[in-house]
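Ready for a little practice in reading a protein structure? Take a look at the sequence and the model below, then try each exercise before you read its solution.

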Amino acid sequence: MDDIFDLDEPFLPEQPSVTPKPKEPAFIHDLNPEQRQAVLTTEGPVLVLSGAGTGKTKVLTTRIAYLISQGFAWPRQILAVTFTNKAAREMKERLESMIGPASYGAWLGTFHAIGVKILRKFPEDVGLTRDFTVLNSDDQERVLKQIMTDAGIDVKRYAPATMLDIIQRWKDRGVMPEAVTAAQNTAYCEGRALSLYQAYQARLQSLNAVDFGDLLLLPLELFKKRPDVLQRYQQQFKYILVDEYQDTNVAQYLWLRLLAQEHRNICCVGDDDQSIYSWRGAEVENILSFKTIYPDALVVRLERNYRSTEHILGCASALIAHNEGRLGKTLKIGKHTDGPAEKVSIRGFWNGMQEAKGIVSDVEQEQLNGRSLSDIAILVRAGFQTRAFEEELIRAGIAYKIIGGFKFYEREEIRDAVAYLRLILNTNDDLSFLRIVNKPRRGIGDQALTAVSAAAKTFKLSLFDAVALAELKPAARKALDAFVQLMKQEREQAADLTPAQVARHILETSGYVDFWRQDKSIEAEGRLENLQELYNVLSDFNTLRDFIEYASLVTDADEQVTADQLVVMTLHASKGLEFGAVYLPGWEEGLFPHQKALDDGGHAALEEERRLAYVGMTRAREKVSISFAANRKVYGQWQNALPSRFIDELPPEHVIDLSDSSLGRHIRPDDVKGFVRTEHFWDSKPIQAFSPAVQSKRVGKRVYHDSFGYGTVIREEGERLEVHFDVSGTKKILAKFLEAV
DNA sequence: GGGTTGCCCGTTTTT
DNA sequence: CGGGCAACCC
């Protein structure tokens, strides 16, 4: 399916004997001068600072096409890494359309896919065998939880998810357990985080499994242990290209640094202003310090934006200018628009429901004006916001799709089905075994499984193989033998069947499909449909192994919006996309910037939130509509909020306030910049309808708190005051801890 | 072994 | 408010 997974290609290619041709290929002429420079400077380190909508994918693909077609390198001497499968696929397609089959054989894929490819070649050096499995986040948490429970840790107090996050951050930084320093250890889990990391890694190894972090970490380990292997890759990759460089973590940085050592032809494309994944381990520092690591690097700035109107660019630029420590780019308008552009609109609403109604009716108007639904997006900060829109869109009869949320491969029935397939392929897959051995119910309980694990431990076998040797009661013996027999039969037949046939057969004969047919819950029908969909997906693969590899790396259903429907998604998910009209609801303090981000990330997190706002606005070609609601139902309770400080950061000349006049003035050109706010936009009309807060002498007063600093009281509930702190956000505080100022 | 109740917790999530 | 999960009871 994907040439990245072709393991049998010749390892060391010959050097191309062709000398670069003097004549420029036609595709070069589509480039502007900066893009052209980024493409034609083939030798040495190049950093392309590529603002939103300035054609970065074009630069990357054209550069590869140029390198290959001009004889600078054979395809397999090119390593091009992306973050998403989608980006990799897109590059592959564009490349093929430019130079056709000449592009085949390039190492083009996600970091993780390339990691798998390398590890499958040298598994033994990192303690694996060739058929190791890749765990998804669900498996990871399950394994870790088990380990924590075994270690006697109260998983109620210490969430496995949080612990997993700590481990992931270590992996992101390229740190194996033995390399964790005292300073890096945390107090989490009573200071036992490190020992849990060790135990977790040991467990993965005994399962012959790796997690996503390992796909980056273990190749580094391999390179350390086998300098000869490293050297071969260093020699092979004559040209390295990196997409979304601002999102690389330390482990990825180390990869690139090691692999580029020999030829030093590394071209990184990114935008520090669009770095929105630091909470997942991405280090903006990588892009900021490129010039320090490669002092001879050519830095190219792509600032001609071919996407958005002057007003959108004006707002986005002004907003992002509030961040410090940027490499600094200014987007310039690169396209001619017909007629005057629409200003960025801002609308205040009374509550979240009205906001949804207002946006949906605006969408209807856009439709009447001839805009197609697929050209419209609603981008939210947090998942829960999508619900209000979903309800309104249904009411209005507008076709829509919510992107994200439930992932196809994370659904229970799909994971079960995949577990069956994995076990057929590899009976050593203990996790899959445990998942489905009693699903549907076969009368195999904890006792029986404990006996099987004991046997597995004693004889050093997989659970599957240990069944035969386990001490079991007659009923359990019968049930387990039948299960093992079934899987073995299936395994033998699998060779003669297509992957889709194997799946259909095992899920029918094992009773799994019946299990859902008999389920009378509302979701059961959908689950059966999903299994059908899985057969469809499977029909695209030649072997079960190909599918499993694909399914472990592609965690989303590859959501394609083909029909004419509007999309609703998070700002994070929108990166890299483009729409004619973009709605940005929920611009309120506490929601955007998000309170939680501010609480544990402080100023750095605020800047990341601002970058998120920048990403959101720059998705739009013609129209951006920002909105906020004074009241919002959060966790079943009405809460009120101030308009986001980001709204104040937009230049008045590019903005138009479309709010209902009864809500007062929202945009105050003379507003105090920064965090200090001394009045509310609704000061003239106190909110009482949804809030139990009564007017009091305390509301509106400035206060000081020892830990949170200065703030303004926004609500009073007896002695508990809700205070909007200038820096730390909104909190409920007992009056006695506050000082009036 | 399975269903029910009651409690806790709630941002974003490329692979 | 609602989902997820663990303890609890049948």
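Here are five exercises on this predicted model, each with a worked solution.

**Exercise 1. Getting an overview**

Task: Find how many helices and strands chain A has, and what share of its residues is buried.

Solution:
- Step 1: Start with the secondary structure; chain A has 28 helices and 23 strands.
- Step 2: Next, turn to burial. Of the 741 residues in chain A, 55% are buried.
- Step 3: Now look at the outside. The accessible surface of chain A is about 32700 Å², and carbon and sulfur atoms hold 51% of that surface.
- Step 4: Finally, consider contacts between residues at least 6 apart in the sequence of chain A: 75% of these join residues at least 24 apart.

**Exercise 2. Classifying an aromatic pair**

Task: Decide whether the rings of Trp 170 and Tyr 197 are stacked or edge-to-face.

Solution:
- Step 1: Recall what you need: a pair of aromatic rings is described by the distance of the centres and the angle of the planes.
- Step 2: The search of the whole structure gives 23 aromatic pairs. In the pair of Trp 170 and Tyr 197, the centres are 5.3 Å apart and the planes make an angle of 10°.
- Step 3: Compare with the cut-offs: centres must lie within 6.5 Å, and planes under 30 degrees apart count as stacked, so this pair is stacked.
- Step 4: Place the two residues along the chain. Trp 170 belongs to helix α6 (residues 160–172) and Tyr 197 to helix α8 (residues 193–206), so the pair links distant parts of the chain, 27 residues apart.
- Step 5: Check burial too. Trp 170 has a relative accessible area of 0% and is buried; Tyr 197 is also buried, at 0%.

**Exercise 3. More company for the rings**

Task: Find which residues form an aromatic cluster with Trp 107, and which charged end sits over the ring of Trp 107.

Solution:
- Step 1: Trp 107 forms one aromatic cluster with Phe 122, Phe 223, Tyr 233 and Phe 237.
- Step 2: Over the ring of Trp 107 sits the charged end of Lys 117, 3.6 Å from the ring centre.
- Step 3: For another example, look at Phe 132: Arg 120 lies over its face, 4.0 Å from the ring centre.

**Exercise 4. Buried or exposed?**

Task: Work out whether Ala 630 is buried or exposed.

Solution:
- Step 1: Locate Ala 630 in strand β16 (residues 620–634).
- Step 2: The relative accessible area of Ala 630 is 1%, and buried means under 20%, so Ala 630 is buried.
- Step 3: For a sense of distance, the C-alpha atoms of Ala 630 and Val 284 are 34 Å apart, with their positions 346 residues apart along the chain.

**Exercise 5. Meeting the DNA**

Task: Describe which residues surround DNA strand B and DNA strand C.

Solution:
- Step 1: Around DNA strand B there are 28 residues, the closest being Lys 407, Arg 441, Gly 445, Thr 570 and Tyr 635. Of the strand B atoms within 4 Å of the protein, 53% are in sugar and phosphate.
- Step 2: Helix α27 (residues 595–617) gives the most to the surface near DNA strand B, with three residues.
- Step 3: Pick out polar atoms. A polar side-chain atom of His 572 is 3.5 Å from a base oxygen of DNA strand B, while one of His 594 is 3.0 Å from a sugar or linking oxygen.
- Step 4: Move to DNA strand C, surrounded by Lys 145, Arg 387, Tyr 635 and Gly 636. Here a polar side-chain atom of Lys 145 lies 2.2 Å from a phosphate oxygen.

Key
Residues numbered from 1 in each chain as written. Chains lettered and ligands numbered in written order. Predicted model: local features only at pLDDT ≥ 70, side-chain atom pairs only at ≥ 80, totals over all residues. Heavy atoms only, no water. Phe/Tyr/Trp six-rings, centres within 6.5 Å; stacked < 30°, edge-to-face > 60°. Helix = DSSP H or I, 4+ residues; strand = E, 2+ residues; numbered from the N terminus. Buried < 20%, exposed > 50% of the residue type's maximum accessible area, 1.4 Å probe, protein only. Lys NZ or Arg CZ within 6 Å of the ring centre and 35° of its normal. Contact = heavy atoms within 4.5 Å. Areas by Shrake-Rupley, 256 points an atom, 1.4 Å probe, with all protein chains shown as cover. Near = heavy atom within 4 Å. Polar contact = N/O pair within 3.5 Å; in protein donor to acceptor, adjacent residues only side chain to side chain.
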